Amino acid sequence: MSKVSFKIMLTSDTQLPYKVLSVLSVLKFAAEEFKAPAATSAVITNDGIGINLAQTAGNVFLKQGSELRIIPRDHVGSC
Amino acid sequence: MGDKPPGFRGSRDWIGCVEASLCLAHFGGPQGRLCHVPRGVGLHGELERLYSHFAGGGGPVMVGGDADARSKALLGVCVGSGTEAYVLVLDPHYWGTPKSPSELQAAGWVGWQEVSAAFDPKSFYNLCLTSLSSQQQQRTLD
């Protein structure tokens with residue numbers, strides 16, 4: 001299946017710049033809305049499947065749907 | 001896997017159950033489902049889910065937290081009368097020549113612990129419940 005991306009274009013700018021939305025972008029925005037630190041947050045589905053932030057938001061939507069959860073990232077062991 | 005920025009490799013940044021579940025998916029291992037336990041809630045609310053997981057043939061449950069970042073894995077759960085509950089906890093730091101189960105237990109590498117003692121109420125926890133997919137289960141039977 002080819003990847004689907006959300007290409008958001010700023011049409012008020014005559015140069016028509018655009019951004020391609022990644023899951024990381026969505027996470028950062030959502031985390032800011034919840035006042036949660038994006039760097040220490042992760043995204044999972046409602047049934048607990050972790051989402052790799054390297055994917056595009058479109059790919060995540062197609063594979064996992066649109067209902068997601070933010071959880072804080074945990075530590076294991078010690079450095 | 002691309003989930004971390006380029007400077008992550010070789011750094012001392014931390015990883016946890018979230019990254020473990022992504023690795024399992026990436027490398028085709030058992031499925032790892034994540035369950036978040038908020039700070040202060042404790043594990044009592046998840047005992048029924050853990051019991052169903054193990055009773056249904058589920059594998060070890062990896063545990064990570066924040067205030068409590070000591071690595072541990074759960075291998076079983078036992079619910080007693082009243083509010084008594086115990087979890088079978090494995091310390092994954094053991095290395096070296098495999099010992100017998102009784103030697104490992106005597107040395108504290110695996111053992112039953114009361115739930116309230118094993119988990120810090122000041123910490124949140126992420127649990128990674130591992131289980132084989134039906135395809136993987138069939139391969140082990142063949």
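The side chains of Glu19(B) and Arg73(A) pair up in a salt bridge, with an N to O distance of 2.8 Å. That pair sits in a predicted model, and the tally between chain A and chain B comes to 2 salt bridges. Polar contacts add to the picture: 9 residue pairs meet this way across the interface of chain A and chain B, counting pairs with both residues at pLDDT 80 or more. On the chain A side, strand E3 (41–45) and strand E4 (68–72) each put at least two residues into the face that touches chain B. Sorted by class, that face of chain A holds 10 nonpolar, 6 polar and 3 charged residues.

Now for the extent of the interface. The size of an interface is often given as the accessible area lost when the parts come together. Here, chain A and chain B bury about 2,000 Å² between them, and carbon and sulfur atoms account for 58% of that area. A short stretch of chain A does a good share of the work: Arg73(A), Asp74(A) and His75(A) provide 33% of what chain A buries against chain B, more than any other three residues. Arg73(A), then, turns up both in this trio and in the salt bridge to Glu19(B). As for head count, the contact draws on 19 residues from chain A and 28 residues from chain B.

Chain B itself is a mix of 5 helices and 6 strands. Going along the sequence, these elements come in the order α-β-α-β-β-β-α-β-α-β-α. The C-alpha trace of chain B measures out at about 50 × 45 × 35 Å along its principal axes. Of its 142 residues, 36% count as buried. Sequence-distant pairing is well represented in chain B: taking contacts between residues at least 6 apart in sequence, 62% link residues at least 24 apart.

Finally, the cysteines. Searching the whole structure turns up 0 disulfides over all chains. For Cys17(B), the closest cysteine sulfur belongs to Cys128(B) and lies 5.7 Å away, so the two are too far apart for a bond; the cut-off for a disulfide is 2.5 Å between sulfur atoms. Cys23(B) also has Cys128(B) as the owner of its closest cysteine sulfur, but at 10 Å, which is again too far for a bond. The surroundings of these cysteines can be read from their accessibility: Cys17(B) is buried, at a relative accessible area of 0%, whereas Cys23(B) is partly exposed, at 32%.

Notes: Residues are numbered from 1 along each chain as its sequence is written. Chains are lettered from A and ligands numbered from 1 in the order in which they are written. This is a predicted model: local features need pLDDT of at least 70, side-chain atom pairs count only at pLDDT 80 or more; totals for chains, interfaces and linings use all residues. Side-chain values use heavy atoms; hydrogens and water are left out. Buried means under 20% relative accessible area, exposed over 50%, partly exposed in between (1.4 Å probe, protein chains only). Contact means heavy atoms within 4.5 Å. Buried area is the accessible area (1.4 Å probe) that two parts lose on being put together, summed over both. A salt bridge is a side-chain nitrogen of Lys or Arg within 4 Å of a carboxyl oxygen of Asp or Glu. A polar contact is a pair of N or O atoms within 3.5 Å; within protein, one must be able to donate a hydrogen and the other to accept it, and residues adjacent in sequence count only if both atoms are side-chain atoms. Helices (H or I, at least four residues) and strands (E, at least two) are DSSP runs, numbered from the N terminus. Ala, Val, Leu, Ile, Met, Phe, Trp, Tyr, Cys and Pro count as nonpolar, Asp, Glu, Lys and Arg as charged, and the others, Gly among them, as polar.
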